[in-house]
Amino acid sequence: MSTLLAQVRRWHAAAAPFVLAPLLLTVCSGMAYRLLKDWGGLERDQVHWLMTLHEGEWLGPVAEPIYVLLNGLGLLWMLGSGALMLSQRWRRRSPSGDGAP
């Protein structure tokens with residue numbers, strides 16, 4: 001394993017605990033909002049509290065854009081570093097196709 005890949009793997013693992021909760025909150029509140037509105041028949045006003053969670057409004061006007069920025073950057077980092085590690089795993093597979101490293 002290259003030194004850069006090992007470093008990326010360590011940074012990915014170190015960032016995971018910090019991005020997990022905000023991303024889960026964003027995903028779950030966004031899905032619940034849309035599904036409760038569309039399939040649950042609830043009105044926008046009845047589920048607006050989910051958008052408040054989803055967009056970070058609960059943090060106030062100063063922290064909300066910081067939350068959105070860090071949440072987005074965290075997601076991009078995890079996707080990018082995860083994709084890099086996955087591509088390296090795929091490259092290490094044997095040409096015979098048996099999946100052995």
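Select Ala32 to begin: at 25% relative accessibility, this residue counts as partly exposed. Ala32 lies in helix α1. Add His54 to the selection and compare the two C-alpha atoms: Ala32 and His54 are 22 residues apart along the chain, and their C-alpha atoms are separated by 9.8 Å.

Before going further, colour the chain by confidence, since this is a predicted model. The protein averages a pLDDT of 90, and 91% of the residues score at least 70. Helix α2 (residues 44-55) has the highest confidence, at 95, while helix α3 (residues 63-92) has the lowest, at a mean of 93.

**First stop: α1 against α2**

Display helix α1 (residues 3-38) together with α2. The two pack at an angle of about 165°, and their axes are 8 Å apart. Angles over 145 degrees count as roughly antiparallel, so α1 is roughly antiparallel to α2. The crossing of this pair is left-handed.

Now show the side chains at the contact. On the α1 side, select Leu25, Thr26, Ser29, Gly30, Ala32, Tyr33, Leu36 and Lys37. On the α2 side, select Arg44, Val47, Leu50, Met51, Leu53 and His54. Ala32 and His54, the pair from the opening, both belong to this contact. Colouring by class divides the contact residues into 8 nonpolar, 4 polar and 2 charged.

Which residues of α2 are buried? They are Val47, Leu50, Met51 and Thr52. Show α1 as a surface over them, as what covers these buried residues includes α1. Then move past the end of the helix to Gly56, which follows α2 and has a positive phi, near 80°.

**Second stop: α1 against α3**

Hide α2 and bring up α3 beside α1. This pair packs at an angle of about 135°, with axes 8 Å apart. The two helices are therefore oblique to each other. The crossing of α1 with α3 is left-handed.

To see the contact, select Leu5, Val8, Arg9, Trp11, His12, Ala15, Ala16, Val19, Pro22, Leu23, Leu25 and Thr26 in α1. Their partners in α3 are Tyr67, Asn71, Gly74, Leu75, Trp77, Met78, Ser81, Gly82, Leu84, Met85 and Gln88. By class, this contact has 15 nonpolar, 7 polar and 1 charged residues. Leu25 and Thr26 of α1 are listed here, and they also appear in the contact with α2.

**Third stop: two residues of α3**

Centre the view on Asn71, which is found in helix α3. Is Asn71 buried or exposed? Asn71 is buried, because its relative accessible area is 10% and the cut-off for buried is under 20%. Leaving aside residues up to four places away in sequence, Asn71 touches Pro22, Leu23 and Thr26. Those three residues are part of the α1 side of the contact with α3.

Next, select Met78, also found in helix α3. At 15% relative accessibility, Met78 counts as buried. With residues up to four places away in sequence again set aside, Met78 touches His12, Ala15, Ala16 and Val19. These four belong to the α1 side of the contact with α3.

Finish by drawing a distance from Met78 to Asp38. The two residues are 40 places apart in sequence, and their C-alpha atoms are 30 Å apart in space.

Terms used. Residues are numbered from 1 along each chain as its sequence is written. Side-chain values use heavy atoms; hydrogens and water are left out. pLDDT is the predictor's confidence in each residue, from 0 to 100. Axes are lines fitted to C-alpha atoms, for helices over the stretch in contact, and angles run from 0 to 180 degrees between N-to-C directions. Angles under 35 degrees count as roughly parallel, over 145 as roughly antiparallel, 65 to 115 as roughly perpendicular and the rest as oblique. A crossing is left-handed if the near helix is turned anticlockwise from the far one by less than a right angle, and right-handed if clockwise. Contact means heavy atoms within 4.5 Å. Ala, Val, Leu, Ile, Met, Phe, Trp, Tyr, Cys and Pro count as nonpolar, Asp, Glu, Lys and Arg as charged, and the others, Gly among them, as polar. Buried means under 20% relative accessible area, exposed over 50%, partly exposed in between (1.4 Å probe, protein chains only).
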